[in-house]
Amino acid sequence: MPEGHTLHRLAQRHQRQFGRAPVIVTSPQGRFADGAAAVSGHVLTRADAWGKHLFHHYDGGRVVHVHLGLYGSFTEWPRPEDGTPPPPVGQVRMRMVGAESGTDLRGPTVCEVIDEAEVDDVVAKLGPDPLRADADPVLAFRRISKSRRPIGALLMDQTVIAGVGNVYRSELLFRHRIDPFRPGTTITVDEFDELWRDLVALMKVGVRRGKIVVVEPEHDHGAPSYRPGRPRTYVYRRAGDACRVCGTGVRTTVMEARNLFWCPNCQS
């Protein structure tokens with residue numbers, strides 16, 4: 001599932017591509033036909049993100065709300081010189097066509113038209129987003145410090161912090177040598193402040209570079225455990241490989257229905 005930095009990059013890209021101009025919106029697949037018709041021809045006034053949610057704000061107050069889920073993705077394409085968009089490939093839920101380019105959305109969990117009040121309802125259910133200037137980390141710490149759930153689960157809870165996925169969760173806890181099984185009530189304010197600052201910095205790098213970068217240069221050695229499309233990591237998807245820092249075998253288990261990775265020595 002794409003993590004928060006991906007949605008912020010998409011928002012920035014869509015703002016550059018389609019912002020402040022009318023956009024032709026269609027649904028080749030047909031499942032979003034009514035929603036597409038409601039916004040097609042309107043001006044995209046703003047594209048922004050909160051956690052893993054993307055919002056396209058159009059003039060007149062309508063908003064396209066997208067959650068990519070596990071399989072959703074946008075594919076971009078240049079608009080041909082004759083202006084005719086290429087035929088859609090696969091099940092395209094939403095197609096956006098601008099003056100010079102277009103993008104196709106496939107496989108999202110959510111693609112719907114809502115109004116601004118409903119945007120507020122979506123956001124009200126989410127925790128602070130580390131990539132937003134208005135994020136309030138105090139709110140996140142308050143929720144963590146009152147919970148007996150493991151910190152490894154709390155970091156993935158979108159009502160606690162919005163935008164953190166499995167990679168950032170595992171890597172952040174390793175970078176700070178925190179046992180993922182520690183209850184939230186045991187996390188000190190100083191530990192949380194360091195986690196939050198590091199998370200903000202890492203996610204900003206993700207937005208800027210378009211990929212997750214978490215391994216420090218001095219630790220970037222050993223078996224890569226690399227697959228195309230996966231980030232180079234300390235522990236994420238490195239089960240059984242030697243820890244880059246201490247050499248202990250990285251372990252994995254399932255925590256609240258998601259795979260967790262950690263070093264039992266560094267994070268003890």
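## The cavity

Helix 7, which spans residues 189–209, gives the most to the lining of the largest cavity, with 4 residues. The structure described here is a predicted model.

How many cavities of 30 Å³ or more are there? The count comes to 1. The largest cavity has a volume of about 30 Å³. Rolling a probe the size of a water molecule over the atoms shows where empty space is left.

## What lines the cavity

Which residues line the largest cavity? They are Leu155, Ile161, Leu172, Phe192, Leu195, Trp196 and Leu199. Sorted by type, the lining of this cavity has 7 nonpolar residues, no polar ones and no charged ones.

## The sheet

Elsewhere in the model there is a sheet. It is open and is formed by 4 strands, in the order 1-6-7-5, with antiparallel pairing. Its edge strands are strand 1 (24–26) and strand 5 (73–78), and each of these pairs on one side only. From one strand to the next, the twist averages 15°.

Strand 5 has strand 7 (residues 101–106) as a partner; the two are antiparallel and pair over 6 bridges. Which residue in strand 7 is the bridge partner of Trp77? That residue is Gly102.

## A helix on the sheet

Helix 1, made of residues 4–18, packs on the sheet. Which strands does helix 1 touch? Helix 1 touches strand 5, strand 6 (92–97) and strand 7. The direction of helix 1 makes about 145° with that of strand 7.

Notes
Residues are numbered from 1 along each chain as its sequence is written. This is a predicted model: local features need pLDDT of at least 70, side-chain atom pairs count only at pLDDT 80 or more; totals for chains, interfaces and linings use all residues. Side-chain values use heavy atoms; hydrogens and water are left out. Two strands pair if DSSP finds at least two bridges between them. Axes are lines fitted to C-alpha atoms, for helices over the stretch in contact, and angles run from 0 to 180 degrees between N-to-C directions. Contact means heavy atoms within 4.5 Å. On a 1 Å grid over the protein atoms alone, a cavity is a set of points where a 1.4 Å probe fits but cannot get out, and a pocket is an open set with protein on both sides within 12 Å along at least five of seven lines; lining residues have an atom within 4 Å of a point. Grid points are joined across faces, edges and corners, and a volume is the space filled by probe spheres set on the points. Ala, Val, Leu, Ile, Met, Phe, Trp, Tyr, Cys and Pro count as nonpolar, Asp, Glu, Lys and Arg as charged, and the others, Gly among them, as polar.
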